[in-house]
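Work through the exercises below with the structure in view, and try each task before reading its solution.

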Amino acid sequence: NNAVGCADMLGMFRRGVLIGLGTDAMTCNMFQEAWTCNLIHHHVQADPRVAFCETVDLLTRHNPQIAGKYFRRPVGVLLPGAFADIILVDYKPW
């Protein structure tokens, strides 16, 4: 959104860096952020096959790991005592 470039997410994944997906206020919709992440990496790498699995990992694996460092109970898992994760999606079929 701020035209400051694109982080080398794929390179960081290869090196085992724990990175997450967030927002810089371009939108507060994490589904749109995931779509944008995937699209920008297609463009930067000039390859439409890259970044899909990594983008999904950011949301489903990395973000809960990062959040887990700051909460006193587990997040992102279905376990007794863990915080409940709820996503409400306003589904509008086209």
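At 73% relative accessibility, R49 counts as exposed, where exposed means over 50% relative accessible area, buried under 20% and partly exposed in between, with a 1.4 Å probe and protein chains only. This is a predicted model, in which local features need pLDDT of at least 70 and side-chain atom pairs count only at pLDDT 80 or more, while totals for chains, interfaces and linings use all residues. Residues are numbered from 1 along each chain as its sequence is written, and side-chain values use heavy atoms, leaving out hydrogens and water.

**Exercise 1.** Find the residue whose side chain meets that of R49 in a salt bridge, and state whether this residue is buried or exposed.

*Solution.* Begin with the term: a salt bridge is a side-chain nitrogen of Lys or Arg within 4 Å of a carboxyl oxygen of Asp or Glu. The side chain of R49 forms such a bridge with that of D47, at 2.9 Å from N to O. Next, take the accessibility of the partner: D47 has a relative accessible area of 15% and is therefore buried, whereas R49, at 73%, is exposed.

**Exercise 2.** Describe how D57 and R61 are placed along their helix, and how accessible each of them is.

*Solution.* First, the side chains of D57 and R61 meet in a salt bridge of 3.1 Å, N to O. Both residues belong to helix α3, which covers residues 52-68, and because they are 4 residues apart there, about one helical turn separates them. Helices here are DSSP runs of H or I with at least four residues, strands are runs of E with at least two, and both are numbered from the N terminus. Finally, D57 is partly exposed at 21%, and R61 is partly exposed at 44%.

**Exercise 3.** Determine whether K92 and D90 are buried or exposed, and give the N to O distance of their salt bridge.

*Solution.* The distance between the side chains of K92 and D90 is 3.9 Å, N to O. For K92 the relative accessible area is 54%, so K92 is exposed, and D90, at 61%, also counts as exposed.

**Exercise 4.** Turn to the whole protein: how many salt bridges and how many helices are there, and what share of the residues is buried?

*Solution.* The structure holds 3 salt bridges. The protein has 3 helices and 0 strands, which gives the pattern α-α-α when read along the sequence. Of its 94 residues, 24% count as buried.
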